Each structure stands twice: as structure tokens, then as C-alpha cells.
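Student: I've got a structure open and I'd like to talk it through with you. Can we take it a question at a time?

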Amino acid sequence: MKSSSGLHFIGLDHVRALAVLMVFAWHFTHAAGAYPETFEGAPAVFPLALFDEGHTGVALFMVLSGYLFAKLLDGKQINYLAFFWNRLIRLAPLLVLVLILAGIVKHAQGERLGAYVANLAKGFVVPAWPNGAWSITIEMHFYIALPLLIYLSGRCKWAPLVLVAAAIALRTIIFLMVGEVEYLAYYTIVGRIDQFALGITAFSYRHIFTGSHLSAVGILTAFTVGFWMFDFAGGYYGTGRNPLWIILPTAEAVAYSSLIAYYDTSFRLRSAGISWAFSKIGEYSYSIYLLHTFFVVELAEFVHRHVMDISNFYVALAWSFVCFTLMIPIGFISFVYVEGPFLRLRRVYTRPDARVGQYGDSLLA
């Protein structure tokens with residue numbers, strides 16, 4: 001999708017598409033608790049653990065946010081009022097619609113609307129919004145912190161790493177005090193700040209990853225093997241009191257930030273054919289992400305009850321890819337008619353920084 005300044009990074013749209021596919025597959029294969037596929041064990045084909053534990057797609061989204069904003073703001077002066085306005089009209093229209101639809105569904109199921117509305121008010125501070133919208137709360141907290149992160153990374157490219165070290169230390173202290181840190185690591189900025197910060201850092205050092213094909217394969221292999229071991233140990237639903245959650249957000253951030261920087265800088269991607277089609281899925285990813293929860297459980301149950309048994313993980317995963325295609329036209333309609341009209345209200349919020357040198361390197365860095 002084009003930014004307010006007219007820039008379009010097709011490779012980053014590919015990353016968005018992959019992230020939303022991972023989340024959809026996670027919800028489809030484990031649609032209702034352990035149905036149709038149980039949470040026990042891990043697929044023998046170890047890279048598929050990223051789909052069996054597809055919640056990691058949320059981490060990929062958040063690393064991408066850090067990387068993308070570092071890319072958009074590099075060497076620029078920022079009008080933060082215009083920036084926050086753009087983020088508001090980018091996220092709020094569809095978010096409000098989804099919260100209203102979720103409220104209607106909950107009311108039809110007998111839930112008191114007063115309790116639901118009170119929960120929505122909490123959602124600005126804690127992850128209380130339904131349908132995956134809890135992650136938007138984290139994004140908002142990141143936007144508030146972004147001016148400071150950009151300023152510090154402009155003064156010193158290593159500054160985000162200090163923030164990551166502080167976050168790891170905080171999670172360690174919390175774990176030692178209460179015996180678990182999974183909730184904060186997964187659902188709040190306490191864990192997710194690593195992913196935004198390392199996304200920013202990866203952009204600063206993107207040249208290291210350019211054309212490093214063997215390194216990229218090594219990072220991807222090591223991460224998928226590690227995530228397979230996490231999946232085998234119980235994954236999201238079986239490691240709640242495991243100290244692994246102290247560093248899991250960091251491990252996701254290191255792998256994803258490295259691979260995003262590699263993919264973004266190592267290939268010339270065409271806006272045609274399969275590349276174009278996959279980028280369009282990325283363009284609709286916000287709509288697919290927020291809307292798929294209205295359909296995904298019913299889709300899995302329909303296939304399982306009326307088409308074929310999908311209690312086998314590989315069969316369920318294959319069907320998740322098939323059913324994901326049904327979300328693409330829904331994402332398109334939402335993008336055009338819900339998101340699109342408001343996107344025309346965006347303002348340009350950057351201008352070249354006079355302190356940036358001839359080759360685009362900040363003189364403060």
C-alpha cells in the first residue's frame with residue numbers, strides 16, 4: 001500500500017500478506033480450543049510450526065511496523081500532529097466498525113452491552129478489544145513511544161538495543177516476582193517493544209543483510225527449528241509459566257527483523273504477476289486481520305462437518321489456505337469501502353531534514 005508520501009514498498013506488502021496468512025491458519029486449525037486440531041505436539045515438517053503456532057504472525061506485523069516507520073522517517077523531519085492524524089484515520093474506521101459488529105454479536109449471544117462498552121474503554125490501556133483488536137492497543141502505545149524511539153535512534157543507532165535489554169530485564173523481574181510473564185510478553189507493549197525496536201534497528205543496519213542469502217537461510221532455519229521446539233513443548237497454550245516467555249518476543253524480533261531487512265534490500269520485486277497478487281493481499285491485510293474472526297471458526301467447522309475430516313494438522317493447514325482465499329474479496333471490499341474513503345484524508349507528515357547529508361545518512365547518527 002502507498003504511504004501518504006506516495007512511496008510503495010511491494011516487498012513489505014508481501015510480508016504483511018504472510019503475517020495475516022499465519023494468523024488465519026492459526027485460528028483455522030485451532031478454531032475452537034483444540035478443535036479441529038489439538039494443541040499437542042508439533043508437525044514433523046518443522047518449518048510448519050510457524051503455522052501451527054501462527055500467533056507469531058502478530059510478532060511479524062509488529063517488527064514490520066518498526067522497520068517500515070524507520071524506513072519512512074529516515075532522514076526526515078516529522079510533523080507529529082499530522083503523523084498521529086494519519087494513524088487515526090488509518091486504523092479507526094475499520095476498528096470502530098469491527099467493535100460495533102462484535103458488540104452486536106455479543107448482544108445476540110446474551111452479553112450485557114454495558115459490560116462490553118466498559119471493556120472497550122479499557123481497551124485504550126489494556127488488551128481488552130475483541131477480534132484481534134487487542135493488538136491495535138499495542139500499536140497505539142508504540143505510536144506514542146515512536147517520537148522518542150526515532151530521536152534516540154537518530155542520536156545513536158544502538159539506542160533501541162538498550163531499550164530491548166531493559167525490557168528483557170523487566171520481564172525477568174516480573175517472572176521472578178509472580179512466576180509467569182506470558183500475558184505481558186504476548187499481549188502488551190512490555191513484550192512487544194522488542195519487536196518494534198529491533199525492526200527500527202534492522203533498518204539502520206539493513207546493508208548487513210543485503211544479498212546475504214546464506215545468512216538468511218541460516219537465520220530462518222535456526223528460528224524455525226527453535227519455534228518447532230517451542231511448539232513441541234506445548235506452544236502458546238502449554239508454556240504459560242515457562243521462563244522462555246522472557247526472551248521469546250526478542251527471539252521473534254531478531255529473526256523477523258533480520259529477514260525483513262534481507263528481503264527488502266536483496267530483491268527487485270515487480271508489481272506484476274504473483275508478486276502483485278500477493279502484495280494486494282498485504283494491502284488488504286488489516287481488513288482480513290480484523291474481519292476474519294467473524295468467519296474462521298464457522299469455516300473450519302463447516303469443512304470438518306460437511307466436507308471432510310480435518311483433524312489431521314496437514315489436512316487442516318491445507319484447508320486453511322483454501323479458506324483464506326475466501327477472505328481476500330472480503331478484505332478487498334472492506335479496504336475499498338471502509339478504509340479507502342478515509343485514506344484520502346491523509347496528510348504528508350514528513351519533509352527532508354536539513355541535517356541529512358548528501359547520501360541520506362543522518363548527521364546525528
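What follows is a back-and-forth that goes from the whole chain to single residues.

Student: Before we dig in, how many helices and strands does the protein have?
Tutor: Keep in mind that this is a predicted model. Going through its secondary structure, you get two strands. The helices come to 16.

Student: What is the radius of gyration, and how does it sit with the globule rule?
Tutor: For 365 residues the globule rule gives 21 Å. The protein comes close to that, so it is as compact as a globular protein of that length. On its principal axes, the C-alpha trace spans about 65 × 50 × 45 Å. The radius of gyration itself is 20 Å.

Student: What share of the contacts joins residues 24 or more positions apart?
Tutor: The pool here is contacts with a separation of 6 or more. Within that pool, the share from residues 24 or more positions apart is 81%.

Student: And how much of the exposed area do carbon and sulfur atoms supply?
Tutor: Half the story is burial: buried residues are 50% of the 365. The protein still exposes about 17,000 Å². Of that area, carbon and sulfur atoms supply 68%.

Student: How far apart are the mean positions of the positive and negative charges?
Tutor: There are 24 positive charges to place, and 21 negative ones. Take the mean position of each set, and the two lie apart by 14 Å.

Student: How many disulfides are there?
Tutor: A disulfide is a covalent bond between the sulfur atoms of two cysteines. To count here, a pair of cysteine sulfur atoms has to be within 2.5 Å. By that rule the number of disulfides is zero.

Student: Take C156 and C323, then. Is C323 buried or exposed?
Tutor: C156 has 35% relative accessibility, so it counts as partly exposed. C323 has a relative accessibility of 4%, and the cut-off for buried is under 20%. That makes C323 buried.

Student: Which residues does F321 contact beyond its sequence neighbours?
Tutor: F321 sits in helix 16, residues 313-343. Its relative accessibility is 33%, so F321 counts as partly exposed. Set aside neighbours within four places in sequence, and the contacts of F321 are L21 and F51.

Student: What is the phi of N131?
Tutor: N131 lies in the loop between helix 5 (113-122) and helix 6 (134-155). With a relative accessible area of 17%, N131 is buried. It is not a glycine, yet its phi is positive, at about 60°.

Student: How far is S204 from D74 in space?
Tutor: S204 belongs to helix 9, residues 189-204, and at 15% relative accessibility it counts as buried. In sequence, S204 and D74 are 130 residues apart. C-alpha to C-alpha, the separation is 8.9 Å.

Student: Last one: which residues does I288 touch?
Tutor: I288 is in helix 14, residues 285-291, and its relative accessibility is 0%, so it counts as buried. I288 and A17 are 271 residues apart in sequence, though their C-alpha atoms are 9.6 Å apart. Not counting residues up to four places away, I288 touches V20, I281, F324, M327, I328 and G331.

Terms used:
Residues numbered from 1 in each chain as written. Predicted model: local features only at pLDDT ≥ 70, side-chain atom pairs only at ≥ 80, totals over all residues. Heavy atoms only, no water. Helix = DSSP H or I, 4+ residues; strand = E, 2+ residues; numbered from the N terminus. Rg over C-alpha atoms; globule rule 2.2 N^0.38 Å. Buried < 20%, exposed > 50% of the residue type's maximum accessible area, 1.4 Å probe, protein only. Contact = heavy atoms within 4.5 Å. Areas by Shrake-Rupley, 256 points an atom, 1.4 Å probe, with all protein chains shown as cover. Lys, Arg positive; Asp, Glu negative; His and termini not counted. Charge placed at Lys NZ, Arg CZ, Asp CG, Glu CD.
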